[in-house]
Each structure stands twice: as structure tokens, then as C-alpha cells.
Amino acid sequence: MPATAAAQDEEGWKLEPDARVEVSFVSAESTTRDEQLVVDGDAFTVRGQVGVNLENDSTRFRLEADRIEVLRLGEGRSNTARDRFTARIQHDLNDKWEIEARARHYDDFVTAESSNTDELQGSVAVTYEPERAHRFRVRGTWRDREYDNGSDQATRGEGARIDAQYRHRMGRYHYLTFDLRAESIESDDPLRGFERQSASVSYTKPITPDLRVRPALQFLNTRFDGRLTDTGAQRNDQLIVPEVEVLWWPANWRVEAEAKYIFSDSNEPVREREGYRLTLSVGYVF
């Protein structure tokens, strides 16, 4: 072991393990436009993450395992858990261009089309940063999904996702960021196929070296292939989500608070809802 460590030092490689634990409380409520249906969504979540980085001046490898336990409050609401495993490599082609390849596996996570999905995904990203003030990133992702349909046979879906981002850096932790996304899933199961487009803008402002505030606005449009309204049209949902997030990171502690208000419009009247979502997270990074 001492000989191996010395050899890595000579070649400029550095090995760094890390871990994170986090506890969050979520309070959420949504109502239909006529206020005939009120849905509460309070829950505690516990998250654990372990990872390891191996890197030199131009190349970075990372392996990561992440698990979230969701403890839902209220009668008739079952607890859930989600696992995620990630392998990633990033390489600097020069001082302006970076490429990344990433593989991920999700187990039992919530997606737009199902509340219990397993997914295997691979993605490639290219980042161009001509100077520190401007960063452009494009990522292409392919996803293969399997849906747990309870007592019925599991079904599958697959599809691509394209992400584009521009970030303008005005100083340390001082950013203006624009994101665009287009994605789709095709499936033989008529309830699973969908197309979605989204756009968001966020502004991160440092208050002190450890405290930042981040207001943001997001828009999403989702059209489902086989979910029909009472008139026989394909269901089409729109979400508008203004939010503000406060991040306080003293030393290794991570305290984050987020407030969202969600406006949901749809050609299926029961899906026309609005409501809030409040989250408080306290974490520690090793």
C-alpha cells in the first residue's frame, strides 16, 4: 500500500473518498381549482451517499452510491426508498473544452409516467468554457426503463433526453443559469409513453461566503401518448413553478431551505391544481 500511494503521487493521481448524510422534512399541499380535492404530501426523508474520486490534473473518475428513504406522514401513504449508482469519467481536452461519460442505475424511483421505475441510463456531455464568465454545456442521455405495475406484468419504456445549459458567472457562487430540456419515452404500455419539454432560469446570489439565495422559475409541458381525457384527446399538462432556495454551508454542514409554488394546468380538469412545497434539509459532508 505505501508503494502504491507513492506511485500515484508521482504520477499526479489523487484518491479521495467522501460521504454525506442528510435529513429533510417536506411539507406540501395541492388543491383542485374548485378546492373540492385537497392533497397533503408531508414526509421525512433520510439520504446517505458514499463515493470515491480518482483524479489528476486533466481526468477525473468517480464512483457513487446514493440511497433515499422516504417516510410519508398521514394515513394510507406508504413509505418508499430509492437507490442510485453512478460511474463517471470527465476529461479536460484543453483549458476550454471538457467531455464527460456517465452511467447510472436507478432502483424504485418516481418518474413522470410511473411511481415505481427502474432505470439504466448512459449519457455523454460536452462543456465549453471560453472564459470563467461563460459556460455552455450539452448533454445527451439514453434511458431504458422498467415499470412495476403491481400484480400486473412489468412493462418497459425507452427514450432520449437532451439538455442544454448556459451559465454566466459574475463571481464566486454568483451565477445566472438558463436550462432547456427535451425528452421522450416510447413504450408498448399506453400509459407510459410521453413527451416533455422544459425550460428554467435561476439566479444564485451570495450573501456571505457561506450563505446564498437562489430564486428560480421553471416551465414544463408534458404530453402523454395513451392517457386520454374524457373527450378522447391526449392528456397535456403544463406546470409553472416559481421557487426560492436558501443555501447555508458552514464548514461541512449543509443547511438548505426551498419554497415552491406549483401551478398545474391541463386539458383534463381534475389535473388542474395548484399548491406549495416547502423543504428543509440538514446534511453533513465527510
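## Overall fold

The protein has one helix and 15 strands. The model is predicted. Of its 286 residues, 34% count as buried. The radius of gyration is 21 Å, which agrees with the value near 19 Å for a compact globule of 286 residues. Along the principal axes, the C-alpha trace spans about 70 × 45 × 40 Å.

Long-range contacts make up a good part of the picture. Among contacts with a separation of 6 or more, 48% join residues 24 or more positions apart.

## His 91

His 91 sits in strand S5, which covers residues 80-92. Its relative accessibility is 29%, so His 91 counts as partly exposed; the band for that class lies between 20% and 50%.

Leaving out residues up to four places away in sequence, His 91 touches two stretches: Ser 58, Thr 59 and Arg 60, then Trp 97, Glu 98 and Ile 99. To Ser 58 there is a polar contact: the His 91 side chain comes to 3.4 Å from the backbone oxygen. Phe 61 lies 30 residues away along the chain, with 8.9 Å between its C-alpha atom and that of His 91.

## Second largest pocket

The second largest pocket holds about 200 Å³ of space. Its lining consists of Arg 60, Asp 92, Asn 94, Asp 95, Lys 96, Trp 97, Glu 98, Thr 127, Glu 129, Arg 135, Arg 137 and Arg 167. Strands S6 (97-109), S7 (117-131) and S8 (134-147) each give two or more residues to this lining.

By class, the lining has nine charged residues, two polar and one nonpolar. Arg 60, Trp 97 and Glu 98 belong to the lining and also touch His 91.

Methods
Residues numbered from 1 in each chain as written. Predicted model: local features only at pLDDT ≥ 70, side-chain atom pairs only at ≥ 80, totals over all residues. Heavy atoms only, no water. Helix = DSSP H or I, 4+ residues; strand = E, 2+ residues; numbered from the N terminus. Buried < 20%, exposed > 50% of the residue type's maximum accessible area, 1.4 Å probe, protein only. Contact = heavy atoms within 4.5 Å. Polar contact = N/O pair within 3.5 Å; in protein donor to acceptor, adjacent residues only side chain to side chain. 1 Å grid on protein atoms, 1.4 Å probe; cavity = no way out; pocket = protein on both sides within 12 Å on 5 of 7 lines; lining within 4 Å. Points joined across faces, edges and corners; volume = space filled by probe spheres on them. Nonpolar A, V, L, I, M, F, W, Y, C, P; charged D, E, K, R; others polar. Rg over C-alpha atoms; globule rule 2.2 N^0.38 Å.
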